[in-house]
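Welcome, and thanks for taking a look at this one. Please load the sequence and the coordinates side by side before reading on.

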Amino acid sequence: MKLILAIIQSADETDTVQELNSQGFFVTKLSTTGGFLKAKNTTLLIGTEDDKVDSVIDTLKKFAGHRMQLSPVTGADMRIFSHTGSNMVEVPAGGCVVFVLDIDKAEKF
Ligand code: 2BA
């Protein structure tokens with residue numbers, strides 16, 4: 001058995017946990033804070049069988065990993081982007097740090 005610790009952006013928490021739950025994984029969410037930037041993030045605890053670790057990591061990559069996503073342009077930025085004819089711009093989003101730990105024993109009472 002393994003315990004996966006995944007530190008993700010809080011904005012990605014809802015979709016990521018929903019997807020993991022729908023795949024049958026049990027998840028505990030902790031509200032955490034990065035020690036360096038002091039920004040809020042979310043740490044997920046996921047206990048699972050060894051052969052399911054890759055599946056969890058794939059889901060974390062897809063729902064919480066680094067990616068570009070469209071975001072509406074607002075305020076002063078509108079003037080800069082108005083020539084493109086779109087009020088949407090691609091911005092970097094997400095980011096996930098994962099640790100996989102060996103678990104000697106897991107029980108529920
Ligand atoms: P990341 O390396 O992507 O880390 C994002 C968050 O994941 C971290 O937030 C921290 O909460 C957690 N984390 C990452 N590596 C960890 C580890 N080895 N052990 C425990 N938790 C870990 P922050 O600490 O606020 O860091 C935000 C970003 O600032 C980091 O992004 C990294 O790019 C940079 N950073 C962090 N510590 C740094 C340091 N000592 N020197 C230079 N850059 C640092």
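This report covers the ligand site, a surface patch and the salt bridges.

A quick word first: the model is predicted.

**The ligand and its shell**

Which residues surround the ligand? They are Ile-7, Gly-34, Gly-35, Phe-36, Leu-37, Asn-41, Val-97 and Phe-99. By type, this shell has five nonpolar residues, three polar ones and no charged ones.

Oxygen atoms of the ligand also have polar partners in the protein. Asn-41 offers a polar side-chain atom at 3.1 Å from a ligand oxygen. Leu-37 takes part through a backbone N or O atom, 2.8 Å from an oxygen of the ligand, and a polar backbone atom of Gly-35 sits 3.2 Å from a ligand oxygen. On its own the ligand would expose 740 Å², and the protein buries 40% of that.

**A nonpolar patch**

Val-97, listed above in the ligand shell, also belongs to a nonpolar surface patch. Together with Phe-99 and Leu-101, Val-97 makes up a patch of about 240 Å². Val-97 is found in strand β6, which spans residues 96–102. Its relative accessibility is 43%, so Val-97 counts as partly exposed.

**A residue in strand β1**

Is Ile-8 buried or exposed? Ile-8 counts as buried because its relative accessibility is 1%. This residue is part of strand β1, residues 2–9. From C-alpha to C-alpha, Ile-8 and Pro-92 are 14 Å apart in space, with their positions 84 residues apart in sequence.

**Salt bridges**

Side chains of opposite charge can pair when their charged atoms come close. How many salt bridges does the structure hold? There are four, and the table includes three of them.

| Pair | N to O distance |
|---|---|
| Lys-2 and Asp-102 | 2.2 Å |
| Asp-12 and Arg-67 | 2.6 Å |
| Glu-107 and Lys-105 | 3.1 Å |

Take the bridge between Lys-2 and Asp-102. Lys-2 is in strand β1 and Asp-102 in strand β6, so this pair ties together parts that are 100 residues apart in sequence. Lys-2 is buried at 18% relative accessible area, while Asp-102 is exposed at 59%.

The side chains of Asp-12 and Arg-67 also form a salt bridge. This pair links distant parts of the chain, 55 residues apart: Asp-12 is in the loop between β1 and α1, and Arg-67 is in strand β4 (residues 67–72). Asp-12 is buried, with 9% relative accessible area, and Arg-67 is partly exposed, with 25%.

In the pair of Glu-107 and Lys-105, Glu-107 is partly exposed at 45% relative accessibility, whereas Lys-105 is exposed with a relative accessible area of 64%.

Methods: Residues numbered from 1 in each chain as written. Predicted model: local features only at pLDDT ≥ 70, side-chain atom pairs only at ≥ 80, totals over all residues. Heavy atoms only, no water. Patch = residues over 30% accessible without salt bridge, like charges linked within 9 Å, V, L, I, M, F, W, Y side chains within 5 Å. Areas by Shrake-Rupley, 256 points an atom, 1.4 Å probe, with all protein chains shown as cover. Helix = DSSP H or I, 4+ residues; strand = E, 2+ residues; numbered from the N terminus. Buried < 20%, exposed > 50% of the residue type's maximum accessible area, 1.4 Å probe, protein only. Near = heavy atom within 4 Å. Polar contact = N/O pair within 3.5 Å; in protein donor to acceptor, adjacent residues only side chain to side chain. Nonpolar A, V, L, I, M, F, W, Y, C, P; charged D, E, K, R; others polar.
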